[in-house]
Amino acid sequence: MSRRLIIAANWKMNKTPAETAAFLEDFLPRFSGPCGVDVVIAPTFVCLPKAGEMLAGQTAVSLSAQNMSAESSGAFTGEISADMLKSVGVQYVILGHSERRSLYGETDAGINSKVKAALASGLLPILCVGETLEERDGGRIEEVLTTQLTGSLKGIDQSGIEKTVIAYEPVWAIGTGRTATPGQAQEAQAFVRKVLGDLYGAATAANVRIQYGGSAKPANAAELISQPDVDGFLVGGASLEAESFFGIVQAGIDASAT
Ligand code: PGA
């Protein structure tokens, strides 16, 4: 496989700095160096400095934020900029997660501004897309994914999309224990790649990494990652324990070795 797998932990609003440190003390010794898979953890903002310190000087695990502002500084109470994140060692940023879309009113246009700001600062976006159950049952998956991708990537050029990771996260599978079947994940992710092909050409689309997210766990990771368009995972619940998250990473290591 030419695309390097990327497996990211989205901790959402969980863990204190001390709990972050405890996780990393357990998790990091499991790696003897780069493992052939990009492994990323996304703690809350308040945990990023501690995680950044602990990850400095090693190459196995990278650091991500879960959100950021599209603005670079100024009167934006409660917000944080890309450069602030970079200053504590952050390399990736999750943008457009469905919880931010549904609970905090984020729109494709707003997410698009954030993707642009992240790329301009040198952060690598993990851009989330995915349909609700109602949209799936209504036969609107392709329409929803096309709208989200086209809107969130507006004005992003070829070099930008090649730095961007797409996370396909069907909303009905997030935190529900109801994982997409490998066939459902593959079908949707092949469609995501087709939309990227329409926007950037098939050769560029073939280089973009597309993660699956939604109740991914060690027990289903190997089968999901064997699908041709599943290039890794964005993991919520199963990423909170080092043992469980490493189980998913191990599935990626095994898949990339074959
Ligand atoms: P989950 O969350 O693995 O707990 O379903 C995934 C996500 O929201 O990124």
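In what sense do β1 and strand β8 pair, and over how many bridges? In this predicted model, β1 and β8 (residues 232-235) pair in the parallel sense, over four bridges. One of the residue pairs joins Ala9 to Val235 of β8. Another sets Ile7 opposite Phe233, its bridge partner in β8.

This pairing belongs to a closed barrel. Eight strands take part, in the order β1-β2-β3-β4-β5-β6-β7-β8, and the pairing is parallel. Neighbouring strands of the sheet are turned against each other by 25° on average, direction ignored. Strands of a sheet pair through backbone hydrogen bonds, either parallel or antiparallel.

Strand β1 spans residues 6-10 and is mostly covered, with five of its five residues buried. In a regular strand the side chains alternate between the two faces of the sheet. Both faces of β1 are covered. Ile6, Ala8 and Asn10 are buried on one side, and Ile7 and Ala9 are buried on the other. β1 also pairs with β2, again in the parallel sense, over five bridges. Here Ile6 has Asp38 of β2 as its bridge partner. The connection runs through a helix: β1, α1 and β2 make a right-handed β-α-β unit.

The loop between β1 and α1 contains Lys12. Most residues other than glycine have a negative phi, and most peptide bonds are trans. Lys12 is not a glycine, yet its phi is positive, about 55°. Its relative accessibility is 21%, so Lys12 counts as partly exposed; the cut-off for burial is under 20%.

Helix α1 holds Thr20. Thr20 has a relative accessible area of 0% and is therefore buried. Which residues is Thr20 in contact with, leaving aside its neighbours within four places in sequence? They are Trp11, Lys15, Pro43, Cys47 and Ala51. Arg101 is 81 residues from Thr20 along the chain, and the C-alpha atoms of the two are separated by 26 Å.

Ala51, one of the contacts of Thr20, is also among the buried residues of helix α2. This helix covers residues 48-55, and Leu48, Ala51, Gly52 and Leu55 are buried in it. Why do these residues lie on the same side of α2? They cover an arc of only 105° around the axis, which puts them on the same side of the helix. An α-helix has 3.6 residues a turn, so residues three or four places apart point the same way. The cover over the buried residues of α2 includes both helices and strands: α1 (17-27), β2 (38-42), β3 (61-65) and α3 (82-87). After α2 comes Gly57, with a positive phi near 85°.

Further along the barrel, strand β6 (residues 165-168) runs parallel to strand β7 (residues 210-213), and three bridges join them. In this pair, Ala167 stands opposite Gln211 of β7. β7 in turn runs parallel to β8, joined to it by two bridges. Tyr212 has Phe233 of β8 as its bridge partner. Phe233 is also the bridge partner of Ile7. The link between β7 and β8 passes through helix α11 (residues 218-225), and the three elements make a right-handed β-α-β unit.

Is β8 buried or exposed on its two sides? Gly232 and Leu234 point one way from β8, Phe233 and Val235 point the other way, and all are buried.

Ser215 is found in the loop between β7 and α11. Like Lys12, with its positive phi of about 55°, Ser215 is a residue other than glycine with a positive phi, near 55°. Ser215 has a relative accessible area of 17% and is therefore buried, whereas Lys12, at 21%, counts as partly exposed.

The cysteines were also examined. How many disulfides does a search of the whole structure find? The search finds zero. Cys128 is in no disulfide, and the nearest cysteine sulfur, that of Cys47, is 19 Å away. Cys128 has a relative accessibility of 2% and therefore counts as buried. Cys47 itself is in contact with Thr20 of the chain.

Notes
Residues are numbered from 1 along each chain as its sequence is written. This is a predicted model: local features need pLDDT of at least 70, side-chain atom pairs count only at pLDDT 80 or more; totals for chains, interfaces and linings use all residues. Side-chain values use heavy atoms; hydrogens and water are left out. Buried means under 20% relative accessible area, exposed over 50%, partly exposed in between (1.4 Å probe, protein chains only). The arc is that of the directions from the helix axis to the C-beta atoms. Contact means heavy atoms within 4.5 Å. Two strands pair if DSSP finds at least two bridges between them. A crossover is right-handed if, with the strands pointing away from the viewer, the path from the first strand over the helix to the second runs clockwise. Axes are lines fitted to C-alpha atoms, for helices over the stretch in contact, and angles run from 0 to 180 degrees between N-to-C directions. A disulfide is a pair of cysteine sulfur atoms within 2.5 Å.
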